[in-house]
Protein chains: 2
Amino acid sequence: MPDEDSLPEAHEQAARFTQVREAHKTEATEDYVELIDDLIRVNGEARLVDVASRMGVTQPTASKTLARLQRDGFINSEPYRSIFLTDQGKTLANESRLRHEIVFNFLLAIGVSRDAAVRDSEGMEHHVSEETLKVFEKVIRQNSK
Amino acid sequence: MPDEDSLPEAHEQAARFTQVREAHKTEATEDYVELIDDLIRVNGEARLVDVASRMGVTQPTASKTLARLQRDGFINSEPYRSIFLTDQGKTLANESRLRHEIVFNFLLAIGVSRDAAVRDSEGMEHHVSEETLKVFEKVIRQNSK
DNA sequence: CTTATAATTTAGCCTAGGCTCAGTTTATAC
DNA sequence: GTATAAACTGAGCCTAGGCTAAATTATAAG
Ligand SMILES: [Mn+2]
Ligand SMILES: [Mn+2]
Ligand SMILES: [Mn+2]
Ligand SMILES: [Mn+2]
């Protein structure tokens with residue numbers, strides 16, 4: 001229970017929420033490019049039908065999101081054809097996968113079950129700062145020794 | 001780099017993203033009731049102007065969100081008057097604060113700076129399962145010994 | 001090669017959650 | 001007590017990201 005002067009400064013607290021909102025803005029993009037990259041590696045191509053089923057959304061929803069990703073320069077695709085990552089998209093996919101793996105392996109390292117680690121890391125990954133990520137990596141290294 | 005059969009089952013992967021989307025649906029509600037509860041404790045009342053400035057949004061935005069919270073039974077307020085939590089709202093505020101504190105203290109325990117812990121926990125808290133939370137608590141206990 | 005199926009797109013709808021600008025109500029100062 | 005300032009509301013706009021239903025295009029089967 002906080003006492004009289006226990007509230008953080010308003011502008012600092014606001015900055016926290018603004019940062020979370022910023023993270024959420026890029027979240028869909030990161031998850032999509034990461035998935036598209038995986039699909040290309042494993043299947044040789046990324047098709048809308050697979051993106052939609054793996055994202056857990058309908059095809060029109062995935063189609064609309066992909067249109068936005070194309071507008072913003074992360075992917076390329078011609079109508080009715082499969083999806084390609086731009087250089088910008090590839091870079092973001094690699095960064096996102098790396099960060100995701102660190103968060104996932106960190107959860108495993110501290111004793112979280114594989115199932116929970118898979119599920120929790122999907123959301124947590126977007127809210128971990130560079131500083132925290134470094135700490136996560138240190139914990140992973142210590143635990144593998 | 002994943003090889004041929006490295007993709008998770010589609011329906012499992014979809015469930016992950018669905019879970020993250022569910023978390024995001026309740027996120028604003030949790031952050032708002034937690035803040036309202038804090039304001040009542042410290043200031044004696046929760047006013048829109050403070051909610052807005054601390055959430056980092058404009059007053060009309062906060063006003064609209066609060067209307068939704070009232071519609072959904074988390075708060076009560078009469079026009080132009082301050083905001084009260086319903087029993088449902090108080091319960092959610094307490095649960096949210098507890099979880100938030102655990103995530104925050106966990107980050108401190110593993111060596112993250114106070115600043116980064118404050119910032120990262122604001123987003124992470126909404127993506128931590130009960131199982132992971134228990135592991136976090138264990139790490140906190142071990143570190144305080 | 002034609003037909004049926006699968007994949008993709010388009011149109012149109014919805015909610016959440018941002019914003020600005022303008023109006024109303026409450027609180028403060030004088 | 002009245003004028004001014006602060007707080008709150010309302011209208012209207014926007015984007016993201018969900019959905020369904022229907023049209024279009026591409027692929028597969030026979
Ligand atoms: Mn994710
Ligand atoms: Mn919180
Ligand atoms: Mn939060
Ligand atoms: Mn999130």
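A residue counts as buried under 20% relative accessible area, as exposed over 50%, and as partly exposed in between. With that in hand, let us walk through this predicted model, starting with its metal sites.

**A manganese ion held by both chains**

The manganese ion (ligand 4) is coordinated at 2.2 Å by four NE2 atoms, those of His24(A), His127(A), His24(B) and His127(B). Within chain A, this pair of histidines joins distant parts of the chain: His24(A) belongs to helix H1 (residues 10-43), while His127(A) sits in the loop between helix H5 (114-124) and helix H6 (130-144), 103 residues apart. How accessible is His24(A), buried, exposed or partly exposed? Its relative accessibility is 23%, so His24(A) is partly exposed. His127(A), in contrast, has a relative accessible area of 7% and is therefore buried.

**The manganese pair in chain B**

Next comes the manganese ion (ligand 2), whose protein donors lie 2.1 to 2.6 Å from it. They are OE of Glu34(B), ND1 of His100(B) and, listed twice, OE of Glu125(B). Along the sequence, the donor residues follow the spacing E-x65-H-x24-E. Here, too, distant stretches are brought together: Glu34(B) lies in helix H1 of chain B, and Glu125(B) lies in the loop between H5 and helix H6 (130-144) of that chain, 91 residues apart. Both Glu34(B) and Glu125(B) are buried. Glu125(B) has a further role as a bridge between the manganese ion (ligand 2) and the manganese ion (ligand 3), and these two ions lie 3.9 Å apart.

**Helix H5 of chain B**

Helix H5 (residues 114-124) of chain B has these buried residues: Ala116(B), Ala117(B), Asp120(B), Ser121(B), Glu122(B), Gly123(B) and Met124(B). What covers them? The cover includes parts of both chains: H1, H5 and H6 of chain A, along with helix H1 (10-43) and helix H4 (87-109) of chain B.

**Two tyrosines with positive phi**

Most residues other than glycine have a negative phi. Tyr80(A) has a positive phi of about 70 degrees although it is not a glycine, and Tyr80(B) likewise has a positive phi of about 70 degrees. The table sets out where each tyrosine lies and how accessible it is.

| Residue | Phi | Place | Relative accessibility |
|---|---|---|---|
| Tyr80(A) | about 70 degrees | loop between strand S1 (75-76) and strand S2 (84-85) of chain A | 86%, exposed |
| Tyr80(B) | about 70 degrees | loop between strand S1 (75-76) and strand S2 (84-85) of chain B | 86%, exposed |

Key. Residues are numbered from 1 along each chain as its sequence is written. Chains are lettered from A and ligands numbered from 1 in the order in which they are written. This is a predicted model: local features need pLDDT of at least 70, side-chain atom pairs count only at pLDDT 80 or more; totals for chains, interfaces and linings use all residues. Side-chain values use heavy atoms; hydrogens and water are left out. Donors are N, O and S atoms within 2.8 Å of the metal (3.2 Å for Na, K and Ca); water is not among the atoms, so sites may look incomplete. Helices (H or I, at least four residues) and strands (E, at least two) are DSSP runs, numbered from the N terminus. Buried means under 20% relative accessible area, exposed over 50%, partly exposed in between (1.4 Å probe, protein chains only). Contact means heavy atoms within 4.5 Å.
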